[in-house]
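The exercises below are meant to be worked with the sequence and the coordinates open side by side. Each one sets a task and is followed by a solution that proceeds step by step.

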Amino acid sequence: MGLTRKQLTILFLCLCFTVFLQLTSVSSSTSPQGQKETASSRSFEHEKEVHCSRERSRAAWKIIDEYLMPFVEKERYKISSRCRLHPENDLYRDQEQHKMHVDINEWRCGYCKKTFYEEKYLDKHFDNRHYDLLNVSHSKCLADVCGVLHCDLVLDSAPHKTKCNPAATGRNKHLCESLADSCFPVNEGTSALRLNEFFLRQFCDAHTCSGGRKPFSKGGKKETSTLYVIISVLVLMLLALFYIFMYLYLRGIKRGSQGLKHISKSGQKKRS
Ligand SMILES: [Zn+2]
């Protein structure tokens, strides 16, 4: 092995750097949240007409998908369209489902296949070009239940209130309980009864000013994220490479010292 200790160190550092670069690119590709704040500054023209925030609707859907649906599916319960949390009652659901995140900087419109660099431009495109596809005739704004579902916890741009407003908290608790009853009527069987109870614990208990109770106390979707898998694989690869290099390095030292011994021995023989 012709590698010196210095060269090995440099090689090892380069490896670490490439792994770090890959990790940062992965994390930026999986979380489009960085674009959220800029997206909120988009045109409010249509929002004013529609009176429904796309961003808050999206946040509400995210919470439903993560902290409610896994439990509803487990009970094999079918939510009726009378329930405000039913996908049909989300004004933006169809458009959101026609959003394709092709690459880090590529968002495609599922209706006309036009591509955009950022999600906010696609949102704008939906507002301008596919406005007619929004069913605005009924009050189907999922953002209206954002207070009940604790949307502020997933909207990182929203400032966290430090003071509790008893009136607003009371309203949210009342709306929360009526949501539980309309989505999971207790007279519809044991599954509905269990889900009603679950909904109260998961979302409604935290609407109190006395503190202590936290939302989503029952947990959420359990899945191994792709990011976690990628990190684990990279760390394992790095470890394997490190051991190979150490092995070769130590073998190189051993050989080097043996070679030196050989040279010095032959030198002594020649002299004698
Ligand atoms: Zn389009």
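Two strands are taken to pair if DSSP finds at least two bridges between them. The model used throughout is a predicted one.

**Exercise 1. Describe how the secondary structure of the protein chain is laid out along the sequence.**

Step 1. The inventory comes to eleven helices and three strands.

Step 2. Read along the sequence, these elements follow the pattern α-α-α-α-α-α-β-β-β-α-α-α-α-α.

Step 3. Contacts add a view of how the chain folds back on itself: among those between residues at least 6 apart in sequence, 68% join residues at least 24 apart. Of the 272 residues of the protein chain, 19% count as buried.

**Exercise 2. Work out the order and the pairing sense of the strands in the sheet, and state which strands stand at its edges.**

Step 1. Begin with β1 and β2 (residues 106–109), which pair in the antiparallel sense over four bridges. Within this pair, K99 stands opposite C109, and H101 stands opposite W107. The two strands form a hairpin that has two residues between them.

Step 2. Continue with β2 and β3, which run antiparallel and are joined by two bridges; here T115 in β3 is the bridge partner of R108. This second hairpin has five residues between its strands.

Step 3. Putting the pairs together gives an open sheet of three strands in the order β1-β2-β3, with antiparallel pairing. Because β1 (99–103) and β3 (115–116) each have a single partner strand, they stand at the edges, and one side of each is left without a neighbour in the sheet.

Step 4. Helix α7 (residues 119–129) packs on this sheet and touches β1, β2 and β3, while its direction makes about 15 degrees with that of β2.

**Exercise 3. Is H125 buried, partly exposed or exposed, and which residues does it touch?**

Step 1. H125 is found in helix α7.

Step 2. A residue counts as buried with 20 or more other C-beta atoms within 10 Å and as exposed with 12 or fewer. H125 has 18 C-beta neighbours inside 10 Å, and it therefore counts as partly exposed.

Step 3. Leaving aside residues up to four places away in sequence, H125 touches C109, K114 and F116. For C109, which is 16 residues away along the chain, the C-alpha atoms are separated by 8.3 Å.

**Exercise 4. Examine the positive phi values of K113 and F216, and say where each residue lies and how exposed it is.**

Step 1. As background, most residues other than glycine have a negative phi.

Step 2. K113 is not a glycine, yet its phi is positive, at about 65 degrees. K113 is found in the loop between β2 and β3, and with 8 other C-beta atoms within 10 Å it is exposed.

Step 3. F216 also has a positive phi, near 60 degrees. The place of F216 is in the loop between α10 (190–204) and α11 (226–271), and its 17 C-beta neighbours inside 10 Å make it partly exposed.

**Exercise 5. Check the length of helix α4 (residues 54–67) against expectation, and then establish its role in the largest nonpolar core.**

Step 1. At 1.5 Å a residue, the 14 residues of α4 should span 20 Å, and the end C-alpha atoms are 20 Å apart, which agrees.

Step 2. Eleven of these 14 residues are buried, so α4 is largely enclosed by the rest of the structure. Among the buried residues are R54, E55 and R56, together with W61, I63 and I64.

Step 3. The largest nonpolar core has 30 residues, of which A60 and L149 touch the most other members. At least two residues of this core come from each of α4, α8 (146–149), α9 (166–183) and α10, and α4 gives the most, with six residues.

Step 4. Not counting residues up to four places away in sequence, A60 touches L142, A143, V145, C146, L149 and C151.

**Exercise 6. Compare the annotated transmembrane region with the secondary structure of the model.**

Step 1. In the unreviewed UniProt entry, the annotation "transmembrane region" covers residues 227–250.

Step 2. In the model, this span is 100% helix and 0% strand, and its end C-alpha atoms lie 34 Å apart.

How values were computed: Residues numbered from 1 in each chain as written. Predicted model: local features only at pLDDT ≥ 70, side-chain atom pairs only at ≥ 80, totals over all residues. Contact = placed C-beta atoms within 7 Å. Axes fitted to C-alpha atoms, helices over the stretch in contact; angles between N-to-C directions. UniProt positions renumbered as here; feature names shortened; annotations may be inferred. Expected span 1.5 Å × (residues − 1). Core = buried A, V, L, I, M, F, W, Y, C linked by C-beta atoms within 7 Å.
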